[in-house]
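Ready for some practice in reading a protein structure? Take a look at the picture and the sequence, then work through the exercises at your own pace.

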Amino acid sequence: MACREAGRRRTFAVISHPDAGKSTLTEALALHARVINEAGAVHGKAGRRGVTSDWMAMERQRGISVTSAALQFEYRDVVLNLLDTPGHADFSEDTYRVLSAVDCAIMLLDAAKGLEPQTLKLFDVCRHRGLPVITFINKWDRPGREALDLLDEIEQRLGITPTPITWPVGIAGHFEGLIDRRDEGSAIRFSRTAGGATAAGEERIPVTESLKAEMSGLEHALEEIDLLDHIGADHDTETFLAGASTPVFFGAAVSNIGVRLLLDAVIDLAPAPTARLTGDGEAVPLDAAFSGLVFKIQANMDPAHRDRIAFVRVCSGVFERGMMLTHVATGRPFATKYAHAMFGRERTSVERAYPGDIVGLVNAGALHPGDTLTQGESIQYPPMPIFAPEHFATVRTTDPSRSKQFRRGVAQLEAEGVVQVLVSDRRGGQSPVLAAVGPMQFEVALHRLQHEFSAPVVLEMLPYKLARLTDDAGEQWLAQARGVEVLTRVRDGELLALFTDDYRLGSIRREAPEVKLESLVAQVA
Ligand code: G4P
């Protein structure tokens, strides 16, 4: 049962630089799959129907998305699980966690901009995780770069072979249609719909001389396709699944052009869930007993439900609401009476879920990203890496009567992985050190402490820029050194030595080579 259902699942995420059109594409995909009647129901962009929680308001103002929503929709008898990734580099740890729960990624590019800094970083995470990547070149309705030039950039900068499946007729800004390279004898013409609110009509027309006269870019598109045929830029399943080639699609998400072809590709090309490896390298068969990976914790997503949800990817077996699970990290039982599917901000109860599906478990107080839940087996999926922080600040409440709420808030943010929390005897519990990969994490933390926990806080930036792992002996030695401070990371109890700059680190290394100063997990994204 689990195997059969897993076979009709596709679990994927869209990665892109902010503004490339991720929200628009997500809505267009969902629209094609007929889960929503009106574009705009998913992400709540300004002016559309939307999210309302306090700090989501902040996300909206800043044009960032921190709240990972998981959308599920059915299309061609396949269940698609689309996971949202945060839109900003500062949340790369979150993005990494989300990408650990998918089987494929769509890399979305703006036709005018090609690969942008955030696309490159996110692609690196996909490469690191060995994820197959499908490329969608968006905004072809607006002036942009040449198609061949964009392919060249993908090949040169990412080192993977682009294999276009569709090809645009007309240059960017003069979008006349598409050619499906699997059916080169015809061209696809689209009829636009007002504001992209409904799926675009599409018509396949045989290529004839009169069509060439009608579509001014057709002749040139066919020449370019000849060139692609000649250099052998054809889709290849093996290299795609190995992350060495990427099928490429062109379109305009805002008018739903090319979106259906992309959706079909997710079903036809992207892999269904397969047996996952545990931390010990053992493959857990899809039809084994239930096991799931917690990849994200999110509190207070909706002010109407002030609770804490763990997003769990089903890795094996069948999830049934109400089943009693084991939290492998602590050996404690975990009840699943409240299990939800999330659709944007709306929740519905989930009765059953299969490998590839995402379940939102309520009352997830004891769970952390990277945890494994099972039906009793002691298997454990690989832990999530904690990225090397590069920004440090102390935080304290200015209202002593709110110190209990303040402490609870800090513990909550720590557990969710919003920021890392570092403590030391010297600093005491009143003003812990927050550590982040990107400074915007501090803004989220601050906002949430103030709004959710009603604790007025002040944040003071510390001058440190680097962190290295050390040990007790190292801590003792470093206690007398200048420009360095050692603190304990709450998450894993590791001792972190913080340095103001490379120069300090280098001089201590030379002076005391015996002191342990190990690099932390590099920031992959
Ligand atoms: P993001 O989630 O990746 O940040 O991007 P989002 O979908 O919000 O899109 C960013 C902008 O790009 C939006 O315009 C959106 O309408 C536009 N866009 C998305 N896809 C296409 C496309 O295929 N063609 C064209 N021409 N534009 C596209 P905006 O003006 O910032 O917002 P809005 O008021 O239109 O929503």
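Here are three exercises, each with a worked solution.

Before starting, note that this is a predicted model, in which local features need pLDDT of at least 70, side-chain atom pairs count only at pLDDT 80 or more, and totals for chains, interfaces and linings use all residues. Residues are numbered from 1 along each chain as its sequence is written, and side-chain values use heavy atoms, with hydrogens and water left out.

**Exercise 1.** Describe the residues that surround the ligand.

Solution. Begin with the count: 16 residues surround the ligand (a residue is near if one of its heavy atoms lies within 4 Å). The closest are Asp19, Lys22, Ser23, Thr24 and Asp141. Next, sort the shell by class: five residues are nonpolar, four polar and seven charged. Here Asp, Glu, Lys and Arg count as charged. Finally, look for the main contributor: helix α2 (residues 22-32) gives the largest share of the shell, three residues. Helices are DSSP runs (H or I, at least four residues), numbered from the N terminus.

**Exercise 2.** Find which atoms of Lys22, Asn138 and Asp141 lie close to the ligand's oxygen or nitrogen atoms.

Solution. Start with Lys22, where a backbone N or O atom lies 2.7 Å from an oxygen atom of the ligand. Move on to Asn138: an N or O atom in its side chain is 3.0 Å from a ligand oxygen. Then take Asp141, which has a polar side-chain atom 2.8 Å from a nitrogen atom of the ligand. To finish, consider cover: the protein covers 69% of the 700 Å² of accessible area that the ligand has on its own (Shrake-Rupley method, 1.4 Å probe).

**Exercise 3.** How do helices α4 and α5 cross?

Solution. First locate helix α4 at residues 92-99 and helix α5 at residues 117-129. Their axes (lines fitted to C-alpha atoms over the stretch in contact, with angles from 0 to 180 degrees between N-to-C directions) come within 10 Å and cross at roughly 40°. Therefore α4 is oblique to α5 (angles under 35 degrees count as roughly parallel, over 145 as roughly antiparallel, 65 to 115 as roughly perpendicular and the rest as oblique).

Methods: Polar contact = N/O pair within 3.5 Å; in protein donor to acceptor, adjacent residues only side chain to side chain. Helix = DSSP H or I, 4+ residues; strand = E, 2+ residues; numbered from the N terminus.
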